[in-house]
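Let's take a walk through this structure together, from its empty spaces to the way its helices pack. Keep the 3D view open as you read.

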Amino acid sequence: MPSDLSPIDKAKFISAKRAAQYVESGMKVGLGTGSTAAWLVKCLGEMVREEGLRIKGVPTSTRTAELARDVGIEVISLDEARWLDLTIDGADEFDGELNLIKGGGGALLQEKIVATASDQMIVIADAGKKVDTLGAFPLPIEVIPFGWQTTQALVEETLVSMDVLGRSSALRMNGETPFLTDEGNHILDLHLKRIGNARQLALVLNQMPGVVENGLFIDICDRVIIGFGDGRVEIHDIGEGRVDAEHLDLAESDNLFSDLSD
Ligand code: 5RP
């Protein structure tokens, strides 16, 4: 096994590789965004090129679209696909009910639309993403640029009556300028520390003018695949209510590692 990949990268790769086994020829697949999802796209590209896997991919960001095309995956739009068999994506946090915080990469809007339009959503992650209660990771919300400071003030005021520990928020920046999503919007990162009632918060945030979408994914994810640096995999299945443990042979992945690492 190459030594240049960090344990976290190996864990991400392992979870992506295991998740790729759920993808079958003929499927329309939502392709997530982020470093873990990038491993997935690379694994699927390998399967397309080497094993003749035939899939159509719906990317959740321009950067995932670019990568998918680069590795040989046929890319179509969500409107061309209409409905997807499966979406596989990363997450910033997930809890015991497989509710998620997403949007660390700024793609939460397209990610939520694509995951919601899928028969199944699988999250791939390293073990560091598992939490008892959501909220240590700042919750991203996508807001339209018009009047964003007014929206921010309204959000912070609304948080007073929510079951959260912190209420400060920050406009996400890209160097000196505000970060722009693929839809041309801004991201506010809400530093809530602990979200007592994620379901309620998600509903309240989406009712506010100026807020396009929030990064809480409630009842959307069906399965989380946690990878570990030593090849262990845990599969958490919400429908079956159980956790399966497996081990992937990393020695067999030597070629993949060297082919796929950037
Ligand atoms: C992008 C996301 C990502 O899935 C999330 O940030 C996890 O990223 P990574 O796999 O790089 O840790 O929600 O908007």
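**Empty space and helix packing**

In this structure there is 1 cavity of 30 Å³ or more. Bear in mind, as you look for it, that the model is predicted. Rolling a probe the size of a water molecule over the atoms shows where empty space is left. For the largest cavity, that space comes to about 50 Å³.

Which residues line the largest cavity? You can pick them out as Thr60, Ser61, Gly106, Ala107, Leu109, Gln110, Glu142, Thr181, Asp182 and Glu183. Sorted by class, this lining has 5 polar, 3 charged and 2 nonpolar residues.

Now turn to a space of the open kind, the second largest pocket, which holds about 170 Å³. It is lined by 17 residues, and those closest to the centre of the pocket are Thr33, Gly34, Ser35, Ala91 and Asp92. The pocket lining divides into 9 polar, 6 charged and 2 nonpolar residues.

Ser35 is a handy place to move on from, since helix 2 covers residues 35–51. Two packed helices are described by the angle between their axes and the distance between the axes. Take helix 1, residues 7–20, as the first partner: its axis and that of helix 2 come within 8 Å and cross at roughly 50 degrees. Helix 1 and helix 2 are therefore oblique to each other, and their crossing is right-handed.

What does each helix bring to this contact? From helix 1 come Asp9, Lys12, Phe13, Ser15, Ala16, Lys17 and Ala20, and they meet Ser35, Thr36, Trp39, Leu40, Cys43, Leu44 and Met47 of helix 2. Together, the residues in the contact of helix 1 with helix 2 comprise 8 nonpolar, 3 polar and 3 charged. Notice that Ser35 appears here as well as among the residues closest to the centre of the second largest pocket.

Helix 2 also packs with helix 3, residues 62–70, with the axes 9 Å apart and an angle of about 25 degrees. Helix 2 and helix 3 are therefore roughly parallel to each other, as angles under 35 degrees count as such. This crossing, too, is right-handed.

On the helix 2 side, Ala38, Val41 and Lys42 take part, meeting Thr64, Leu67 and Ala68 in helix 3. By class, the contact of helix 2 with helix 3 has 4 nonpolar residues, 1 polar and 1 charged.

Terms used: Residues are numbered from 1 along each chain as its sequence is written. This is a predicted model: local features need pLDDT of at least 70, side-chain atom pairs count only at pLDDT 80 or more; totals for chains, interfaces and linings use all residues. Side-chain values use heavy atoms; hydrogens and water are left out. Axes are lines fitted to C-alpha atoms, for helices over the stretch in contact, and angles run from 0 to 180 degrees between N-to-C directions. Helices (H or I, at least four residues) and strands (E, at least two) are DSSP runs, numbered from the N terminus. Angles under 35 degrees count as roughly parallel, over 145 as roughly antiparallel, 65 to 115 as roughly perpendicular and the rest as oblique. A crossing is left-handed if the near helix is turned anticlockwise from the far one by less than a right angle, and right-handed if clockwise. Contact means heavy atoms within 4.5 Å. Ala, Val, Leu, Ile, Met, Phe, Trp, Tyr, Cys and Pro count as nonpolar, Asp, Glu, Lys and Arg as charged, and the others, Gly among them, as polar. On a 1 Å grid over the protein atoms alone, a cavity is a set of points where a 1.4 Å probe fits but cannot get out, and a pocket is an open set with protein on both sides within 12 Å along at least five of seven lines; lining residues have an atom within 4 Å of a point. Grid points are joined across faces, edges and corners, and a volume is the space filled by probe spheres set on the points.
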